[in-house]
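Biologist: I'm new to reading protein models. Could you walk me through one, feature by feature?

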Amino acid sequence: SFGGGGGGGGKASRARRARNGDADVGSASSHRPSGGAPVVLDDFDDNHRRVIVALEELETRERTKHRPHLTERKEVPMDNHGSMEAPRRNEEAEMKDRPGECDMSDEDEAPAALDGEEGGADGQSRLDGGAPEANEDVERKDRPGECDMSERSLRSFALSDLPAPRFYPNELASLTVLDLSRNELWTLPDDLTTLPNLEILDLSRNWFRDLPSSVRHLTKLRALRASHNMLRPTPESLQFEALHELNTSLREFDIAFNRKCGHRRLSDLIKTELPFLDVLKITICYPRPDGAFVGDSAADRDPTLLRSQLEPWSTTALR
């Protein structure tokens, strides 16, 4: 790809350099030109420009000749993206700040997820017809016992980082939900014994190669969410021994979209070793699950819908 490019490097390389003590590892950036803009050809000499232009024209001509419908874009509701939630922001406030606009949408019904899918960042179904959650961030922070520490570019975390005096230092026992997702963490402190009532721990979209062994101290933990990390498919990395100690409380274990944890053999092993789980979320890539692909080759598939779903997302966001 000639487009975009961030100086920080990929997620895995940045995590490795940070673990090795490199203080300047850059930050996540998109490998896609902003706003879907075309590649700037001025960066190349005449020979390269001619080749690029010729290839683009050839690709466009052949695509429109054999698959003319692929030039169209289908509008897809954001709720249909399943568990791939949008970057969090206060969209309602942004909308109200736009002059001359009046938003009367979502007054009567809540957005619905796809059949069989779970919608929203908290994994709860929105098919119940309840009131829409227009500003979930504000509501979430106001819920007693919940602490949102997501999207803060944290590379280390200590209990003293929790909001004071709401939780730290005297109200740690009141904490029931701790969201550390979308940071750059690869370890947790050992003193989690001071969180005796924690029920949900969200470590998704971080840099963990191994689950922290200190989770064994969270004796009331119901859900451990560690999707989109760099976990390895071993009992030591996934802390089977520590999770065994939580057999009376732990019911949900989420390690979806960990690249090395995609073999069905690992799924079977977890179900055997942790039979007390009610919900196991894992992305199976091999052997290929039945129904994972449409057709025998890419030529048999119509990517129009998929393209419209992926187009709003940068490479980094998709990771």
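**Reading the model step by step**

Modeller: Happy to. Buried residues make up 32% of the 319 residues in this chain. Keep in mind that the model is predicted.

Biologist: Which helices and strands should I look for, and how many are there?

Modeller: The idea is to walk along the chain and list its elements in order. Here you'll meet 8 helices and 6 strands. Starting at the N terminus, they run α-α-α-α-β-β-β-β-α-β-α-β-α-α.

Biologist: What share of the contacts joins residues 24 or more positions apart?

Modeller: For that, you look at how far apart two touching residues sit in the sequence. In this chain, 59% of the contacts with a separation of 6 or more are between residues 24 or more positions apart.

Biologist: And how much surface does the chain expose?

Modeller: About 19400 Å², with carbon and sulfur atoms supplying 49% of it.

Biologist: Let's zoom in. Is S267 buried or exposed?

Modeller: The trick is to check the relative accessible area: under 20% is called buried. S267 has just 5%, so it counts as buried. You'll find S267 in helix α6, which covers residues 264–273. Leaving out residues up to four places away in sequence, S267 touches L280, I282 and I284.

Biologist: How about T193: where does it lie?

Modeller: T193 is in the loop between β2 (177–179) and β3. Its relative accessible area is 48%, so T193 is partly exposed. Try finding V215 as well: T193 and V215 are 22 residues apart in sequence, and their C-alpha atoms are 8.9 Å apart in space.

Biologist: Now salt bridges. How many are there?

Modeller: You look for a side-chain nitrogen of Lys or Arg within 4 Å of a carboxyl oxygen of Asp or Glu. That gives 8 salt bridges here. One of them pairs E184 with R14, with the closest N and O atoms 2.7 Å apart. The pair links distant parts of the chain, 170 residues apart: E184 is in the loop between β2 and β3, while R14 is in helix α1 (residues 11–19). Both E184 and R14 are buried.

Biologist: Which other pair could I try?

Modeller: Take E146 and R143, whose closest N and O atoms are 3.9 Å apart. E146 is at 18% relative accessibility, so it counts as buried. R143 is at 30%, so it counts as partly exposed.

Biologist: And where do D278 and R251 sit?

Modeller: They form a salt bridge too, with the closest N and O atoms 3.8 Å apart. This pair also links distant parts of the chain, 27 residues apart: D278 is in the loop between α6 and β6 (279–281), and R251 is in the loop between α5 (240–244) and β5 (252–254). D278 counts as exposed because its relative accessibility is 60%. R251, at 29%, counts as partly exposed. There is a network to spot as well: salt bridges that share partners join R14, R155 and E184.

Biologist: Last one: which residues gather in a patch of positive charge?

Modeller: For a patch, you look for like charges gathered on the surface. Here R16, R209, R259 and K260 form a positive one. Pick out R209 in the loop between β3 (200–202) and β4 (223–225). R209 has 34% relative accessibility, so it counts as partly exposed.

Note on methods
Residues are numbered from 1 along each chain as its sequence is written. This is a predicted model: local features need pLDDT of at least 70, side-chain atom pairs count only at pLDDT 80 or more; totals for chains, interfaces and linings use all residues. Side-chain values use heavy atoms; hydrogens and water are left out. Patches are made of residues with over 30% relative accessible area and no salt bridge: like charges are joined within 9 Å, nonpolar side chains (Val, Leu, Ile, Met, Phe, Trp, Tyr) within 5 Å. Accessible areas come from the Shrake-Rupley method with a 1.4 Å probe; for residues, only the protein chains shown count as cover. Lys and Arg count as positive and Asp and Glu as negative; His and the chain ends are not counted. The place of a charge is taken as NZ of Lys, CZ of Arg, CG of Asp or CD of Glu. Helices (H or I, at least four residues) and strands (E, at least two) are DSSP runs, numbered from the N terminus. Buried means under 20% relative accessible area, exposed over 50%, partly exposed in between (1.4 Å probe, protein chains only). Contact means heavy atoms within 4.5 Å.
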